[in-house]
Amino acid sequence: MSSSCSTELDIHQQFEIFMQRSLRGMMGSMKQDGLSMPQIYTLMYLYHEGEVRISDIGVLMDVSKAAASQLVDRLAQQDLVERVEDTSDRRAKKIRLLPKSLALIEKGLAVQRQQMGGILAHLSPEQQAIVQTAFRYLMDAMHKPGPPGDRGTRHFI
């Protein structure tokens with residue numbers, strides 16, 4: 001295996017472990033509030049993207065528009081989201097978060113930030129600056145156009 005392939009594999013493995021561990025607290029907090037993983041994923045998508053169409057949620061979750069609509073219905077029944085008129089197309093509806101879901105998300109993010117603070121406390125200021133730069137590189141790369149055939153879904157978590 002070449003050095004670049006080995007480095008890439010190492011980055012993938014480390015990132016997967018980091019993501020799993022860093023999200024554990026937030027996801028656990030939101031699961032305690034009775035939310036499923038697809039519901040949490042959808043709420044976080046709305047949190048980062050703002051109002052979106054049901055078709056956007058379908059693309060995100062890789063499900064049909066009907067399945068995405070059912071997911072949104074379950075979230076609406078829990079007073080977590082609402083459907084609002086799309087100002088650019090009156091026939092279409094957009095989905096947005098309600099205050100109850102914002103409170104659940106903020107609670108989960110507070111757990112995640114506390115855990116991350118504990119991790120960062122073990123790093124020197126110089127190491128923290130390196131981590132910040134690395135994450136900035138990753139975020140910049142996420143916003144670049146994808147390969148041909150990419151559906152254009154931006155990843156946020």
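The following exercises, each with a worked solution, concern a predicted model of one protein chain.

**Exercise 1. Overall architecture and confidence**

Determine how many helices and strands the protein chain contains, and in what order the elements run. State what the pLDDT values are for the chain.

Solution.
- Step 1. The secondary structure of the protein chain comprises six helices and three strands.
- Step 2. Read from the N terminus, the order of elements is α-α-β-α-α-β-β-α-α.
- Step 3. Of the 157 residues in the protein chain, 26% are buried.
- Step 4. Among contacts with a separation of 6 or more, 53% join residues that are 24 or more positions apart.
- Step 5. The chain has a mean pLDDT of 85, and 88% of its residues reach 70 or more.
- Step 6. Residues 152–157 have pLDDT under 50 throughout, and the model has 15 contacts beyond four places in sequence for this stretch.

**Exercise 2. The packing of helix α2**

Describe how α2 is placed against α4 and against α5, and identify which residues make each contact.

Solution.
- Step 1. Two quantities describe a pair of packed helices: the angle between their axes and the distance between the axes.
- Step 2. For α2 and α4, the axes come within 11 Å and cross at roughly 85°. The two helices are therefore roughly perpendicular, as the range for that class is 65 to 115 degrees.
- Step 3. Pro38, Gln39, Thr42 and Leu43 of α2 meet Leu71, Arg74 and Leu75 of α4 in this contact. By class, the residues are four nonpolar, two polar and one charged.
- Step 4. For α2 and helix α5 (residues 99–120), the axes come within 11 Å and the crossing angle is roughly 95°. Helix α2 is thus roughly perpendicular to α5.
- Step 5. On the α2 side, this contact uses Leu43, Met44 and Tyr47; on the α5 side, it uses Ser101, Leu102, Ile105, Glu106 and Leu109. The division is six nonpolar, one polar and one charged.
- Step 6. Leu43 is listed in the contact with α4 and is listed again in the contact with α5.

**Exercise 3. The surroundings of Thr42**

Decide whether Thr42 is buried or exposed, and list which residues beyond its sequence neighbours are in contact with Thr42.

Solution.
- Step 1. Thr42 belongs to helix α2, which spans residues 37–49.
- Step 2. The relative accessibility of Thr42 is 0%, so Thr42 is classed as buried, the cut-off being under 20%.
- Step 3. With neighbours within four places in sequence set aside, the contacts of Thr42 are Ile57, Met61, Leu71 and Leu75.
- Step 4. Leu71 and Leu75 also appear on the α4 side of the contact between α2 and α4.

**Exercise 4. Gly108 in helix α5**

Establish where Gly108 lies and which residues are in contact with Gly108 beyond four places in sequence.

Solution.
- Step 1. Gly108 is a residue of helix α5.
- Step 2. Gly108 counts as buried because its relative accessibility is 0%.
- Step 3. Outside the neighbours within four places in sequence, Gly108 is in contact with Met26 and Ser29.
- Step 4. The C-alpha atoms of Gly108 and Met30 are separated by 6.0 Å, although these residues are 78 residues apart along the chain.

**Exercise 5. An aromatic pair**

State how many aromatic pairs are counted, and explain which parts of the chain are tied together.

Solution.
- Step 1. The count is one aromatic pair.
- Step 2. The pair consists of Phe18 and Phe135, with 5.8 Å centre to centre and 45° between the planes, and is tilted.
- Step 3. Phe18 is in helix α1 (residues 3–32) and Phe135 is in helix α6 (residues 125–142), so the pair ties together parts 117 residues apart in sequence.
- Step 4. Phe18 is partly exposed at a relative accessible area of 27%, and Phe135 is partly exposed at 35%.

**Exercise 6. Positive phi at two aspartates**

Locate Asp62 and Asp79, and say what the phi of each is.

Solution.
- Step 1. Most residues other than glycine have a negative phi.
- Step 2. Asp62 is not a glycine, yet has a positive phi of about 60°. Asp62 sits in the loop between α3 (54–61) and α4 (65–77).
- Step 3. With a relative accessible area of 56%, Asp62 is exposed.
- Step 4. Asp79 likewise has a positive phi, near 60°. Asp79 lies in the loop between α4 and β2 (81–86).
- Step 5. Asp79 is partly exposed, at 48% relative accessibility.

How values were computed:
Residues numbered from 1 in each chain as written. Predicted model: local features only at pLDDT ≥ 70, side-chain atom pairs only at ≥ 80, totals over all residues. Heavy atoms only, no water. Helix = DSSP H or I, 4+ residues; strand = E, 2+ residues; numbered from the N terminus. Buried < 20%, exposed > 50% of the residue type's maximum accessible area, 1.4 Å probe, protein only. Contact = heavy atoms within 4.5 Å. Axes fitted to C-alpha atoms, helices over the stretch in contact; angles between N-to-C directions. Parallel < 35°, antiparallel > 145°, perpendicular 65-115°, else oblique. Nonpolar A, V, L, I, M, F, W, Y, C, P; charged D, E, K, R; others polar. pLDDT = per-residue confidence, 0-100. Phe/Tyr/Trp six-rings, centres within 6.5 Å; stacked < 30°, edge-to-face > 60°.
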